[in-house]
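Biologist: Could you take a close look at one part of this model for me? I'd like a plain walk through it, with the surroundings after that.

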Amino acid sequence: MTIKTLTHLQRLEAESIHILREVVAEAEKPVMLYSVGKDSAVMLHLAKKAFYPAPPPFPLLHVDTTWKFRDMYALRDRAAKAAGMDLIVYQNPEALAKGINPFDHGSLHTDMWKTEGLKQALDQYGFDVAFGGARRDEEKSRAKERVFSFRSANHRWDPKNQRPELWRLYNARKAKGESVRVFPISNWTELDIWQYIYLEGIEIVPLYFAEPRPTVVRDGLTLMVDDERFPLREGETPEMRSVRFRTLGCYPLTGAVESEARTLPEVIQEMLLTTTSERQGRAIDHDQAASMEKKKQEGYF
Amino acid sequence: MTTQDPIYKTDALIAENIEAYLEAHQHKTMLRFITCGSVDDGKSTLIGRLLYDSKMIFEDQLAALQADSRKMGTQGQEIDFALLVDGLAAEREQGITIDVAYRFFATEKRKFIVADTPGHEQYTRNMVTGASTADLAVILIDARKGVLTQTRRHSYLVHLLGIRHIVLAVNKMDLVDYDRAVFERIRDDYAAFARSIGIADFTAIPISGFKGDNITGPSANTPWFEGPALLPYLETVEVEDTRDQAGPFRMPVQWVNRPSLDFRGFCGLIASGQVRPGDAVRVLPSGKTSKIARIVSQEGDRDLAVAGESVTLTLQDEIDCSRGQVLVAAQAPLEVADQFEATIVWMDEAEMVPGRAYWLKIGTQTVSATIHAPKFEINVNTQEHLAKKTLDLNAIGVAVVTTDRQIPFASYAENRDLGGFILIDKHTNHTVAAGMIHFALRRAQNIHWQATDIGRDHHAAMKNQKPAVLWLTGLSGSGKSTIANIVERKLARMNRHTFLLDGDNVRHGLNKDLGFTEADRVENIRRVGEVAKLMTDAGLIVITAFISPFRSEREMVRGMMQPGEFLEVFVDTPLEVAEGRDVKGLYAKARAGQLKNFTGIDSPYEAPEAPEIRIDTTETSADEAADLIIARLIP
């Protein structure tokens, strides 16, 4: 008998597919949160594999802030279509009416568009399980996050009231009104994600690759001037810099890194040689050590 | 800090030939391990060190770490690696980890997932959780303290969860001057203990997580040590592929993929063995057989799939097969049974209630199951057997489990996926226990159901009535017995054949051996349910008057009856009113502390959520109540 040794990526893939299928078998109305980033791209790819030859039996949900990069919107629509899945785009109507934006409203921007927007979307459509592309290696408090993370009827996360997860057995039972966030790629690291994208030829947003882009440097972050809504300060003129992004969010909140990496191997090379963690480019983490945890308790993904 | 070992010279390859690097890293294997030790054993420091030495810590994290180390570290001016891995804010303040955290690092040869679990006695739950997915355990010992009670506890749990590779990491060697004698004495002490609990083999390594000795490579401080350093050992220890794939093919069916009428794919993660197109397979428990037609994947059909892979299989014949069933090699089927002996690890604040029905999830199947009173509890520190009536949080015991249907299974020792299960409380939905099947008990299989010629329909037809159970539930003194009595009188006048089972009366005979603890109350209701079921088989209309305070048991009885035959009648009397009446003087006694476990006083009453009939006795007389019930029974 020949033994086939499974690689780490094969094991991770098998685990993620198992989780995706388990949810579909047990949930009433699942949805996949799709943020168009590289983690979402991998999660969507795994979903397609899990249910092939059928399309994944759930829709994609993009909780939009209207402030994503234009390239992200383009890939979002294309990827959903290619997967044969329904795409729901949700924008918090209150944030839309008030014109909430990252320039004038600070942390209210994330609260209203993302945290509140997500809760509203889940409530409005009655989704009981939402897949998310979070990974345990992203941030310290995530290291203890379960694969199945339970939220109360008002979407709060209680770190003391999470269920033990043994073997490959996930307890998906819940009371009416409660919901679950499920993280199929919990055990993947940033390097795993990149290697898998490389190996499987998964399409990702071109912003991950270096290219000359109009940017300004502000408060230590290199920001891309992606459209005319970017209010330039006195003395600021966008300059063309060869930059790429390690994570993608709202363009006014996402710092770019100067880079010449134009191919996937070059991006991975830079990532391996880099000396800063990927969340460094995100404004949201800089508040205080446990900020992510607080946000999570309030219902931020 | 010791110098970097040659195994970390990958930087050069990254810079010079990234494609070659990626190619090399695509063939990495994966190892999951658990670290066990108490706060003082330097466990977090060791993990922080592994992350640091394998370059999983970035500059910004290191800067934050240095700041944190000065603020709240315990290592003076040195970097406190423990701060890297302590996560949640509350825990950081207390300076302890209180949950299972998963960490990741990788070398050229392997990706590692570390389950970091606390060593405190009250957190057996977390360690069992972390160990359930681990291939290997690192048991930490403080060289100054040697083998402690908690070392024994951790080793016992690791062995219980079936982990085959154990590393005994004798830590803090720097604090005992790298003394060979100290290391060897601890190793020998541990060997004696390990043998006594059935651990066949382990690897002892003298280390210092703080100083970095014998972590990535041999330390100059321990020239007398000839074994491997920790990381090289973790990189080369055999993974489970061979063992998993050598067994017969087994795959619990997780999902049936049916996009169109001409495709039916059976999806699941292969629990054991290998499978190829053309292989003969059997579906359990039905026993139907077919052959594998295709192994379907997005990249095209495959000719082989192995244990650990998630696959989609199609069969050559159209046979019934659904989620929860298990596809197995036709010539090597699994055992199928509905009663087992198992080790149970209780994980919930609410203690186990013997006789109560819980959900049992095993593989991809969820069934209803009851746990019998434990045969014994195991003292985790001494492995002694203790007589216990139940199991509470973090207790481990051996008990018989009965499922409501036959399920395919393997012993846990043979296969974790087919022999490990969780129990779920039907009302709180908490995962309350983990279980490991030892073997099936033959009792249920040896008692066959004797078919009788005169069946329940015949009995009912002779009485010219539809059998039913009118289940009155409510507080003591709510008026159940009074109402039940009137209902029976009225039905008798209508020539209906009835029987009234009254709580007090039953306790004089059938249930006189039972008290009022939660477990006894569950058994009380179970027996009454079984009696009521026999009576409905006999064609009777059964009226019962029991406090029956717990939803679980009322639901259990409902489940025993034919659909529509069980009518739950909630005799709704507020506690103040019932206590005010206090016909039997019981509330007064309970208030005075002379009566324990009295419903409404020091034992809960779980009101029905959706009873068929609700009687508000503050507005409805007993006679009116009886009429309401009869109107519902005989419309």
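Which residue in β21(B) stands opposite Thr370(B)?

Modeller: Thr370(B) faces Thr402(B) in β21(B). A few ground rules before the rest. This is a predicted model, in which local features need pLDDT of at least 70, side-chain atom pairs count only at pLDDT 80 or more, and totals for chains, interfaces and linings use all residues. Residues are numbered from 1 along each chain as its sequence is written, while chains are lettered from A and ligands numbered from 1 in the order in which they are written.

Back to your threonines. Strand β18 (residues 365-371) of chain B pairs with β21(B) in the antiparallel sense, over 3 bridges. Strands here are DSSP runs (E, at least two residues), helices are DSSP runs too (H or I, at least four residues), and both are numbered from the N terminus. Two strands pair if DSSP finds at least two bridges between them.

β21(B) has other partners as well. Strand β16 (residues 335-346) of chain B runs antiparallel to β21 (residues 396-409) of chain B, and 10 bridges join them. Within β21(B), Gly397(B) is the bridge partner of Ile344(B). Strand β19 (residues 376-378) of chain B is also antiparallel to β21(B), joined to it by 3 bridges, with Phe376(B) opposite Val398(B).

Now zoom out to the chain that holds all this. Chain B contains 21 helices and 28 strands. Of its 635 residues, 46% count as buried, that is, with 20 or more other C-beta atoms within 10 Å of their own (12 or fewer makes a residue exposed, in between is partly exposed, and C-beta atoms are placed from the backbone). Among contacts in chain B between residues at least 6 apart in sequence, 72% join residues at least 24 apart. A contact means that the two C-beta atoms, placed from the backbone, lie within 7 Å.

Chain B also has an open sheet of 6 strands, ordered β2-β3-β1-β4-β5-β6, with mixed pairing. β2 (101-106) and β6 (203-206) of chain B stand at the edges with a single partner strand each, so one side of each has no neighbour in the sheet. On average, neighbouring strands of this sheet are turned by 25° against each other, direction ignored. Helix α8 (residues 149-160) of chain B packs on the sheet, touching β1 (29-36), β4 (136-142) and β5 (165-171) of chain B, and its direction makes about 175° with that of β4(B). For such angles, axes are lines fitted to C-alpha atoms (for helices over the stretch in contact), and values run from 0 to 180 degrees between N-to-C directions. At the β2(B) edge, 6 bridges join β2(B) to strand β3 (residues 110-116) of chain B in antiparallel fashion, and Arg103(B) stands opposite Val114(B).

How does chain A come in? 59 residues of chain A are in contact with 63 residues of chain B. α1(A) gives the most to the side of chain A that touches chain B, with 11 residues. By class, that side has 27 nonpolar, 15 polar and 17 charged residues; Ala, Val, Leu, Ile, Met, Phe, Trp, Tyr, Cys and Pro count as nonpolar, Asp, Glu, Lys and Arg as charged, and the others, Gly among them, as polar.

One residue to click on is Arg168(A), in the loop between β5 (148-151) and β6 (179-182) of chain A. Arg168(A) counts as buried because it has 22 C-beta neighbours inside 10 Å. Leaving aside neighbours within four places in sequence, Arg168(A) is in contact with His18(A), Leu269(B) and Asp417(B).

Two oddities in the backbone are worth a look. The peptide bond from Leu284(B) to Pro285(B) is cis, with omega near 10°, and Pro285(B) sits in the loop between β11 (280-284) and β12 (289-296) of chain B. Asp582(B), which is not glycine, has a positive phi near 35°; Asp582(B) lies in the loop between α19 (575-581) and α20 (586-591) of chain B.

Last, a caution on confidence. Chain A averages a pLDDT of 85, and 89% of its residues score at least 70; pLDDT is the predictor's confidence in each residue, from 0 to 100. Over residues 282-290 of chain A, though, pLDDT stays under 50. Where pLDDT is low, the predicted coordinates should not be read in detail.
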